[in-house]
Structure formats: structure tokens, C-alpha cells
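Open the model in your viewer and keep the selection tool ready. The tour moves from strands to backbone oddities.

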Amino acid sequence: MIDPAIWPLGTSADRRGHLRVGGVDLVGLADRLGTPLYVYDAATIREAHRRYLAAFAPMRPVRVSYAIKACALRGVASILARAGADASAASLGELLAAKRAGFLPARTQLHGNAKTDDELRAALRLGVGRIVIDGADEIDRLRVLVARRARPQPVWLRVSPGIAADTHPHLQTGTLDSKFGAPIAGGDALAQCRAIAATKNLSLVGIHAHLGTQLHEAERYRELGEALVALARDVTRATGVRLKEIGVGGGLAIPLRSDDPVLDLAAYARAISEPIRADETLGKAVLYLEPGRSLVGRAGVAVYRVIGTKRVTGVRTFVSVDGGMGDNIRPALYDATYTAALAGRAAAAPTEHVAIAGKYCESGDLLIRDVALPTPERGDVLAIPAAGAYSVAMASNYNHHPRPAVALIDDGRTKVIRKRETHADIWRLER
Ligand code: LLP
């Protein structure tokens, strides 16, 4: 019943049939902390990071850089900082969040297709490790900002390999018709590498690409590795610069439901590393991985209270809960398909198919279109697994619903790492 692939490590049903995450009863937690509530299990995050290191151990040197956008809460991100990961930030805000969580700025990469001069200045002041340049315009602006520095700023160039990955169109980033990266095809990427190499105080140490997210196909990653190797060779030929770092982005899918396809981490590691390791000039380059979802997704469970049930005869049964698209926009935005369990009846067999409806005023606010459950009743606690990535991170106050509380379970102890928002919090900045 409890598929270990989609729930946090060691999730179980106790004698009363209550779901336990990290040893803690989710029904009790919902009673105590209220709902909607996100619960993260620290051990699952540590284990996901360990698995990355183990899978890539034969392919060193490698750095795991947490894409903090997946969940930037200090309580979550600091687990990865303590585990020795680097951080990858998509904005000044994320760079500051990473610093707050314990990542050294020098071990942080700053991405973004529209970094403002203020963001770039602040990043330089903070001593960010790598600025990942995205576009010729950014080279021009950086040239001015670094002109008077004593030491060169190490940078990567983000490139676009022209690879369409097997995911929702909103989640593809490696195609040519993308706002991200300089296309390799046609020579833009090479031309920008030349421009960087010719800029005083910018040190081109690497190239970077990110294919997209929630990807299942090893082959696409092999193509990415090959494309980056070919470009790196061209860069060396054209500029004399030997690249020391290759950033391959993140993107590894996690299963949201039991039957979802997964890409085995070892197969992913081979696909992305082999083309790079096989190249004599790049073989010793540090491979930078930027997982977000696959580090924190499985660790997070969304916990709701059932408000009521509406049976539309001959059509569908809607089970309404006290959260929805404001705390998890992913079903509405990407057709993400989750599953759920009743936390108080985790061992009971399913008796019917229902939809889980959110409380937001939108027809599209269905957390789940179809899930088989023991008939849910008002007051039941409903838990959605694999909800740790990009849910809280993209939460909004639509309909003026306060955003959920977030708890972390570590070593049997529960800590609230983000208080539940209040209505006053929502109004605070209005004048
Ligand atoms: N590196 C870069 C440059 C990225 O843009 C991203 C994600 C990652 C790494 C991490 O990818 P991951 O390992 O998490 O797949 N809101 C969407 C996800 C957007 C991801 C954007 N970039 C969602 O909910 O699925």
C-alpha cells in the first residue's frame, strides 16, 4: 500500500492504521499544527544526496549543487549545506537564501536569464563562486561591473544544446526556441565564449546547460554530454582556454505515483558522465550536477483536511480539501499527477475513485483528477506524497489564503520551520 519509492524513507502505517513519516503520526501532527501542512523528512533528503554521491563516485570529480529553487526554506536547504553540497541560485533572493542556509557564496552559482545590474553587483560583492552568464548582453554589462576588480570573476556560459527533453513543454529548457542559453548550433555559444575569454576580469572556467526538469530519458543526457564536449573542444581551439568545469544542470524525474517511469540514478550518471570522461582534455574537469527535485521532492508530504464530498452522479466524486493550487500549482500548471492516502486509514483498501479538489476559486484547482481511496469522509487527513519540490516554493496567496505551515521531522523530532501565514501577514505590505 505504502510504496517506498514515493513516500519518505521508512514511511509506515502504525497499528491504528495511521501514516507515520520519520516515525511521527501524520494525523496527530495535523491535529497539532493544523492544515494545510507540509512535512519534510530530513533523513530522506540526506539519503537522496548520499545516493547522488554514490552513483557518481566512479565518475569523479563531481560536485552536487542543490538547485535551491526547489525548496529554499532554511530548514530544508541547511540539511544539504551541512551535507556538503554546493548551491545553485536563480536570483539574488535565492543566493541570499542559500547563504542563510549555510552555503558559502564561493560555493554557489548564480543563474538567470534576466539578472539585473543590481543583482550582479550584489552577487559580486557577496563573492559568488560562479556567475552563469546567459546572453551577450550580460557579458557587456558584466564587463563594466568587473572592470576595476582586483581579481577576475570566474564565470560559466549557459548554452542551449537544442535538445527537446521528454517532459511538459513548460518544463523544457534545452531547445533552441528557449529564453535560456546561447544556442550551440549556429555558433552563438562559441562566439560568446570568445567574448568572455577576451574580457578583462572575467575568467571563463566552464560551460553549462540544463535540459529541463522531470526527465526520464538517459539518452537525452548522453546527447547533452556529447554536445558539451564538442563545444568545449571548439572553445579550446578558438580561445586556448581549457575548461575546468562542466555544468550539466539538473532535471532527474521523481515518481509522483507508483507506476511513474523513473530514470535509474546509475544509468543517469553513466549517460551524462561518459562522454565527458572519455574526452582527453575534459576528462579531469569537475562535473557540476544541479539537482533540485530529486533531492527534496520525495522528502515532502502535503497534508490536508477533508472539508467535504460532492457526488456528481454519473460524473465524478469531488473530495474537497483545505488547500490546493495556492500551495501546489503543479497539477494546474504542468498536469502533474499525484496520488494520495488517507493518513488515518493508511492500511485500508481503496473503495472508490475520487478527485481531490482544492479550495481555490478555479475549475483548474484539482490537486488530483483520479485517485482510488477508502471512501474519504469529512475531517479525514489526506496526505499527498512526493510534494517536496516546487510546491511550497511556488505557493501564492490567491484568494487571500495564507500559505501553509511547514514542519521538518529529524531524528523523531518535529520542528516547525515555517509558521503558518496569517491574514495579517498577507496584508502587511499594503498601504
Ligand atoms: N539547474 C537549472 C539551471 C535549473 O533551471 C533548474 C530548474 C535546475 C537546475 C533543477 O532542476 P530539477 O533537478 O529540480 O529538475 N516549477 C517547475 C520546475 C522548474 C524548474 C526550473 N529549473 C516544476 O514545478 O516542475
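Helices and strands here are DSSP runs, numbered from the N terminus; a helix needs at least four residues, a strand at least two. Note that this is a predicted model.

Start with strand E15, residues 316-321. Show its side chains. Thr317, Val319 and Val321 point to one face and are buried. Arg316, Phe318 and Ser320 point to the other face and are not buried.

Now add strand E14, residues 300-312. E14 and E15 run antiparallel, joined by six bridges. Pick lysine 310: its bridge partner in E15 is phenylalanine 318. Three residues sit between the strands of this hairpin. Click glycine 314, where phi is positive, near 80°.

Next, select strand E17, residues 352-357. E17 runs parallel to E15, with three bridges between them. Valine 319 pairs with isoleucine 356 of E17.

On to the backbone. Most residues other than glycine have a negative phi, and most peptide bonds are trans. Some spots here depart from that pattern.

Select threonine 35 and proline 36: a cis peptide bond joins them, with omega about -10°. Proline 36 lies in the loop between helix H1 and strand E4. Then go to arginine 60 and proline 61, again a cis bond, omega near -5°. Proline 61 is in the loop between helix H2 and strand E5.

Now jump to aspartate 335, with a positive phi of about 55°. Its loop runs between helix H11 and strand E16. Aspartate 335 counts as exposed, because its relative accessibility is 58%.

Finish at asparagine 399, phi near 60°, in the loop between strands E19 and E20. At 33% relative accessibility, asparagine 399 is partly exposed.

Definitions and conventions. Residues are numbered from 1 along each chain as its sequence is written. This is a predicted model: local features need pLDDT of at least 70, side-chain atom pairs count only at pLDDT 80 or more; totals for chains, interfaces and linings use all residues. Side-chain values use heavy atoms; hydrogens and water are left out. Buried means under 20% relative accessible area, exposed over 50%, partly exposed in between (1.4 Å probe, protein chains only). Two strands pair if DSSP finds at least two bridges between them.
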